[in-house]
Amino acid sequence: MYNEERKRRFLDECEEKYSDEYLTSFRSLFNKTQTFEEMFGKDVADFSREDISNFYAVASYADAYTYSNINARLGSYCAWCIEQALVIDGCNHFREFVLADFNKYINLRLER
């Protein structure tokens, strides 16, 4: 996990509010973003809209709702980071995406 200490703090706070399954899915998502975080040299909460788009372009999910779910989770992590004054530009770029945006990232081979 990239920036592991920060993400563990976030997950520790989530433990009081969410189920174990929700936390497991966050850990899995953080493991998926790690390669991109290392490539871009920044935490996923600091991703620009372009960085997020690049991540989604290679994620290869089968439907827009999966992207929407991932975007919502990463957006909630980014919101927490903003509350902690950890986001460099102070913007939650995940909130710039809407459901229709995710259609361009769908892997049509997986859709069938």
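Axes here are lines fitted to C-alpha atoms, for helices over the stretch in contact, and angles run from 0 to 180 degrees between N-to-C directions. Helices (H or I, at least four residues) are DSSP runs, numbered from the N terminus. This is a predicted model: local features need pLDDT of at least 70, side-chain atom pairs count only at pLDDT 80 or more, and totals for chains, interfaces and linings use all residues. Residues are numbered from 1 along each chain as its sequence is written, and side-chain values use heavy atoms, with hydrogens and water left out.

**Exercise 1. Helix 1 against helix 4**

Task: Find the crossing angle of helix 1 and helix 4, classify it, and describe the contact.

Solution.
- Step 1. Fit the axes. Helix 1 spans residues 4-15, and its axis comes within 11 Å of that of helix 4. The two cross at roughly 105 degrees.
- Step 2. Apply the classes. Angles under 35 degrees count as roughly parallel, over 145 as roughly antiparallel, 65 to 115 as roughly perpendicular and the rest as oblique. Helix 1 and helix 4 are therefore roughly perpendicular.
- Step 3. List the contacts (heavy atoms within 4.5 Å). Helix 1 brings Arg 6, Lys 7, Arg 9, Phe 10 and Glu 13. Helix 4 answers with Ser 76, Tyr 77, Trp 80 and Cys 81.
- Step 4. Sort by type. Ala, Val, Leu, Ile, Met, Phe, Trp, Tyr, Cys and Pro count as nonpolar, Asp, Glu, Lys and Arg as charged, and the others, Gly among them, as polar. The contact of helix 1 with helix 4 holds four nonpolar, one polar and four charged residues.

**Exercise 2. Helix 3 against helix 4**

Task: Repeat the analysis for helix 3 and helix 4, and add the handedness of the crossing.

Solution.
- Step 1. Helix 3 covers residues 49-59. It packs on helix 4 at about 140 degrees, with the axes 12 Å apart. That makes helix 3 oblique to helix 4.
- Step 2. Handedness. A crossing is left-handed if the near helix is turned anticlockwise from the far one by less than a right angle, and right-handed if clockwise. Helix 3 passes helix 4 in a right-handed crossing.
- Step 3. Contacts. Ile 52, Phe 55, Tyr 56 and Ala 59 of helix 3 meet Tyr 67, Ile 70, Asn 71 and Leu 74 of helix 4. By type, this contact has seven nonpolar residues, one polar and no charged.

**Exercise 3. Burial along helix 3**

Task: Which residues of helix 3 are buried, and what covers them?

Solution.
- Step 1. Set the cut-offs. Buried means under 20% relative accessible area, exposed over 50%, partly exposed in between (1.4 Å probe, protein chains only).
- Step 2. Asp 51, Ile 52, Ser 53, Phe 55 and Tyr 56 of helix 3 are buried. The cover includes helix 2 (20-40) and helix 4.
- Step 3. Check one case. Asp 51 has a relative accessible area of 9%, so Asp 51 is buried. Asp 51 touches Phe 40 and Lys 42, not counting residues up to four places away in sequence.
- Step 4. Take a contrasting case. Val 58 also lies in helix 3. At 52% relative accessibility, Val 58 counts as exposed.

**Exercise 4. Arg 73 and His 93**

Task: Place Arg 73 and His 93, and give the surroundings of each.

Solution.
- Step 1. Arg 73 lies in helix 4 (residues 64-83). Its relative accessible area is 17%, so Arg 73 is buried.
- Step 2. Arg 73 touches Tyr 22, Ser 25, Phe 26 and Leu 29, not counting residues up to four places away in sequence. Arg 73 and Phe 26 are 47 residues apart in sequence, yet 7.5 Å apart in space, C-alpha to C-alpha.
- Step 3. Look for a polar contact: a pair of N or O atoms within 3.5 Å; within protein, one must be able to donate a hydrogen and the other to accept it, and residues adjacent in sequence count only if both atoms are side-chain atoms. One of 2.9 Å joins the side chains of Arg 73 and Asn 69.
- Step 4. His 93 sits in the loop between helix 4 and helix 5 (108-111). At 12% relative accessibility, His 93 counts as buried.
- Step 5. His 93 touches Phe 47, Ser 48, Arg 49 and Ile 52, not counting residues up to four places away in sequence. A polar contact of 2.6 Å joins the side chains of His 93 and Glu 96.

**Exercise 5. Positive phi**

Task: Where do Ser 60 and Ala 85 lie, and how accessible is each?

Solution.
- Step 1. Ser 60 follows helix 3, in the loop between helix 3 and helix 4. Its phi is positive, about 60 degrees, although Ser 60 is not a glycine. With a relative accessible area of 32%, Ser 60 is partly exposed.
- Step 2. Ala 85 lies in the loop between helix 4 and helix 5. Ala 85 has a positive phi of about 60 degrees and is not a glycine. At 67% relative accessibility, Ala 85 counts as exposed.
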